[in-house]
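Hello,

Here is the structure I promised to pass on to you. Please open it alongside this message, and then read on for what turned up in it.

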Amino acid sequence: DGYPANMGIGRPALHKMLGDRTIASGAHVLLGVTATELNDDGEGVDVRFSNGSSERYDLVIGADGVYSQTRAMLFPDAPRPEFTGQAVWRYNLPRPADFDALHVYNGPTGVGLVPISDDLMYIYVTTPEPGNPRYPREGQAALMRSKMTGCAPFIQELAEQIVDDAGVVYRPLEAMMIDGPWHKGRVALLGDAVHATTPHLGQGAGMAIEDSLVLAEELATHDDIEAALSAYHDRRLERCAYIVRSSVAICMGQIGKGPPVDNAKATQEMFDVVAQPI
Ligand SMILES: Cc1cc2nc3c(=O)[nH]c(=O)nc-3n(C[C@H](O)[C@H](O)[C@H](O)COP(=O)(O)OP(=O)(O)OC[C@H]3O[C@@H](n4cnc5c(N)ncnc54)[C@H](O)[C@@H]3O)c2cc1C
């Protein structure tokens, strides 16, 4: 309550908020290690870590992103992330004081301006990238500027500020949806590990956070862990699948691999859907 339903925030600021709350909760945090082995005997899970140590847990949650190793351990035959044919270029710029809302410009090259703090916004450009090329770091600023040569003069003026190769964030866009179960025994998955979306509706992180809230609610209301994990999956599946489906449809329309989608209409519909209770 009292917070907007959607907002832009830089990743370092979000990481700090989540990290601070995690530490304040008293959770034991272990950094720089990965789980190399999971042995679930029905009563608990023995986890072996890459530093050689082992621990036993009631429940293991793999929130390890689009290339989830936990998913690979649980479901080796699960679908893998697929490159869509499009990529996004992003760069932080100073935010003019009166620029306080998301701006999206549609076209074969999509452009957006996203306020993320009192003094920063980022500009993004989505471009078709057939063959999924890898660009060396050196020259990325000039390359990003060149992707905007056909855009409106106002955008090209902003693009002149893109000068630092190290400040350019280039990402090929991938998507993946696991329709089947999101857990096996006492090991569950959440976030991009089970529903990685393209960013066209800006909902990937929101869906991951919602997953964690629903998972916590279901664990609190079931005595049986497997029943809680099934209830979590049932509550989340359609909402997350909708976000992946609708985002990928916009992406495909933009690069001519699907029918064009009215981005403004799709975004309004998405806001109506995510305004529904989780
Ligand atoms: C270009 C781009 C733009 C995006 N824009 C938006 C946006 O505007 N709005 C939005 O809401 N979402 C956006 N997203 C999506 C958003 O980033 C993801 O949906 C979100 O980060 C998913 O959170 P997650 O916790 O599931 O996974 P992640 O954020 O990927 O976190 C996974 C974590 O697990 C760690 N990890 C991975 N493997 C292991 C391992 N084996 N052992 C230990 N740790 C491991 C990783 O280091 C990472 O810290 C965007 C994504 C991309 C690629």
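**What I found around the ligand and beyond**

Let me start with the ligand, where a polar atom in the side chain of Thr34 sits 2.7 Å from a ligand nitrogen. Please keep in mind as you read that this is a predicted model, and that the distances here are computed from it.

Two further polar approaches are worth a look. The side chain of Arg11 places an N or O atom 3.1 Å from an oxygen of the ligand. With Ala205 the backbone takes part: one of its N or O atoms is 2.8 Å from a ligand oxygen. On its own the ligand has 1000 Å² of accessible area, and the protein covers 61% of that.

Now for the shell as a whole. There are 20 residues around the ligand, and those that come nearest are Arg11, Thr34, Asp192, Gly204 and Ala205. Two elements give two or more residues to this shell, namely strand S5 (82-94) and helix H5 (204-221). The largest share is that of H5, with four residues. If you sort the shell by class, you get seven nonpolar, eight polar and five charged residues. Both domain 1 (32-79 + 178-274) and domain 2 (83-174) supply at least three residues each.

**Aromatic rings**

Six aromatic pairs are present in the structure. One of them joins Tyr122 and Tyr124, whose ring centres are 6.4 Å apart. The planes of these two rings meet at 50 degrees; a pair counts as stacked under 30 degrees and as edge-to-face over 60, so this one is tilted. Is Tyr124 buried or exposed? Its relative accessibility is 17%, and because the limit for buried is under 20%, Tyr124 counts as buried. Elsewhere, ring pairs tie Trp89, Tyr135 and Tyr170 together into a cluster.

**A few single residues**

Some individual positions may be useful when you browse the model.

- Val169 belongs to strand S9, which covers residues 169-177. With a relative accessible area of 31%, Val169 is partly exposed. Its C-alpha atom is 9.6 Å from that of Ala141, although the two residues are 28 apart along the chain.
- Asn132 is in the loop that runs between strand S8 (120-128) and helix H3 (140-146). Its phi is positive, at about 50 degrees, even though Asn132 is not a glycine.
- Met144 is part of helix H3. The relative accessible area of Met144 is 0%, so this residue is buried. Between the C-alpha atoms of Met144 and Gly185 there are 46 Å, with 41 residues separating them along the chain.
- His183 lies in strand S10, made up of residues 183-184. At 12% relative accessibility, His183 is another residue that counts as buried. Which side chain does the side chain of His183 contact? The partner is the side chain of Glu226, in a polar contact of 3.1 Å.

If you have time for one view, I would suggest the ligand site with Arg11, Thr34 and Ala205 shown, since those three names came up in the polar approaches above. After that, the cluster of Trp89, Tyr135 and Tyr170 makes a good second stop.

Best wishes

Notes
Residues numbered from 1 in each chain as written. Predicted model: local features only at pLDDT ≥ 70, side-chain atom pairs only at ≥ 80, totals over all residues. Heavy atoms only, no water. Near = heavy atom within 4 Å. Polar contact = N/O pair within 3.5 Å; in protein donor to acceptor, adjacent residues only side chain to side chain. Areas by Shrake-Rupley, 256 points an atom, 1.4 Å probe, with all protein chains shown as cover. Nonpolar A, V, L, I, M, F, W, Y, C, P; charged D, E, K, R; others polar. Domains from an automatic or database assignment. Phe/Tyr/Trp six-rings, centres within 6.5 Å; stacked < 30°, edge-to-face > 60°. Buried < 20%, exposed > 50% of the residue type's maximum accessible area, 1.4 Å probe, protein only.
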